[in-house]
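Please examine the following structure together with its sequence. The discussion below proceeds from the backbone to the interior and then to the pockets.

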Amino acid sequence: MSGDVASRLAELGVTLPEVATPAGAYVPAVRSGRYVHTAGQVPLVQGKLPLTGKVGGEVTPEEAKDLARTCALNALAAVASVAGGLERVVRVVKVTGFVASAPDFTGQPTVINGASELLGEVFGDRGVHARSAVGVAVLPMDAPVEVEIVVELADWAD
């Protein structure tokens with residue numbers, strides 16, 4: 001990581017986790033030219049989900065927002081694994097967040113702010129992105145939140 005990104009992560013008191021092992025026939029991230037697309041990242045912490053269930057039901061919106069932040073950290077770890085480090089990220093392009101929602105829950109954007117805010121804290125203006133926040137009936141492993149990101153990389157030689 002560059003000193004800038006590494007120092008921001010340190011200031012935030014976070015370290016990138018190990019890249020999560022895929023739960024199916026896919027890879028955590030794919031680089032295509034200057035872009036990296038991540039697979040959906042659930043909020044695994046040391047291989048386990050800290051909470052399960054529906055947001056607005058078993059999981060509070062505040063808890064889910066923290067979980068979305070964890071999803072974003074997992075996504076950054078996946079990016080770093082195929083990009084040669086986070087210093088190569090020149091822009092976070094898109095965030096897509098999925099929120100396993102109780103039938104009457106409509107606060108998906110607030111939940112996914114957990115991911116968006118972390119990306120802004122880490123990358124500053126380079127972390128400002130387009131976004132979708134979608135409510136769904138259920139997510140893998142009964143995760144409350146899942147996040148995927150697309151980033152653009154500097155045009156450096158490999």
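In which loop is the place of Asp142? The model is a predicted one, and in it Asp142 is found in the loop between β4 (130–136) and β5 (145–153). The backbone of Asp142 has a positive phi of about 65 degrees, although this residue is not a glycine. With a relative accessible area of 30%, Asp142 is partly exposed, because a value between the 20% and 50% limits falls in that class.

A positive phi occurs also at Gln46, where the angle is near 50 degrees and the residue is, again, other than glycine. Gln46 belongs to the loop between β2 (35–38) and α2 (61–83). Its relative accessibility is 82%, so Gln46 counts as exposed, the limit for that class being over 50%.

From these loops, attention may turn to the interior. In soluble globular proteins, nonpolar side chains tend to be buried together. In this model, the largest nonpolar core has 37 residues, and those that touch the most other members are Val79, Val111, Phe123, Val145, Val147, Ile149 and Val151. Two or more residues come from each of α1 (3–12), α2, β3 (89–100), α3 (108–123) and β5. The greatest contribution is that of α2, which gives 11 residues. A second core, separate from this one, consists of six residues, among them Leu44, Ala100, Leu139 and Ala143.

Val151 offers a local view of the packing. When neighbours within four places in sequence are left aside, Val151 is in contact with Arg34, Tyr35, Val36, Val79, Val89, Arg91, Val92 and Val93. Val79, one of these partners, is likewise listed among the core residues that touch the most other members.

The empty space remains to be described. Which residues lie closest to the centre of the largest pocket? This pocket holds about 250 Å³ of space. Its lining comprises 14 residues, and Ala23, Tyr26, Gly40, Val42 and Met141 are the closest to the centre. By class, nine of the lining residues are nonpolar, four are polar and one is charged.

The second largest pocket contains about 200 Å³ of space. Six nonpolar, five polar and one charged residues form its lining. Gln46, the exposed loop residue discussed above, is part of this lining, together with residues including Leu44, Val45 and Gly47. Leu44 therefore appears in two descriptions, as a lining residue of the second largest pocket and as a member of the second core, where membership requires that a residue be buried.

Note on methods. Residues numbered from 1 in each chain as written. Predicted model: local features only at pLDDT ≥ 70, side-chain atom pairs only at ≥ 80, totals over all residues. Heavy atoms only, no water. 1 Å grid on protein atoms, 1.4 Å probe; cavity = no way out; pocket = protein on both sides within 12 Å on 5 of 7 lines; lining within 4 Å. Points joined across faces, edges and corners; volume = space filled by probe spheres on them. Nonpolar A, V, L, I, M, F, W, Y, C, P; charged D, E, K, R; others polar. Helix = DSSP H or I, 4+ residues; strand = E, 2+ residues; numbered from the N terminus. Buried < 20%, exposed > 50% of the residue type's maximum accessible area, 1.4 Å probe, protein only. Core = buried A, V, L, I, M, F, W, Y, C linked by side-chain atoms within 4.5 Å. Contact = heavy atoms within 4.5 Å.
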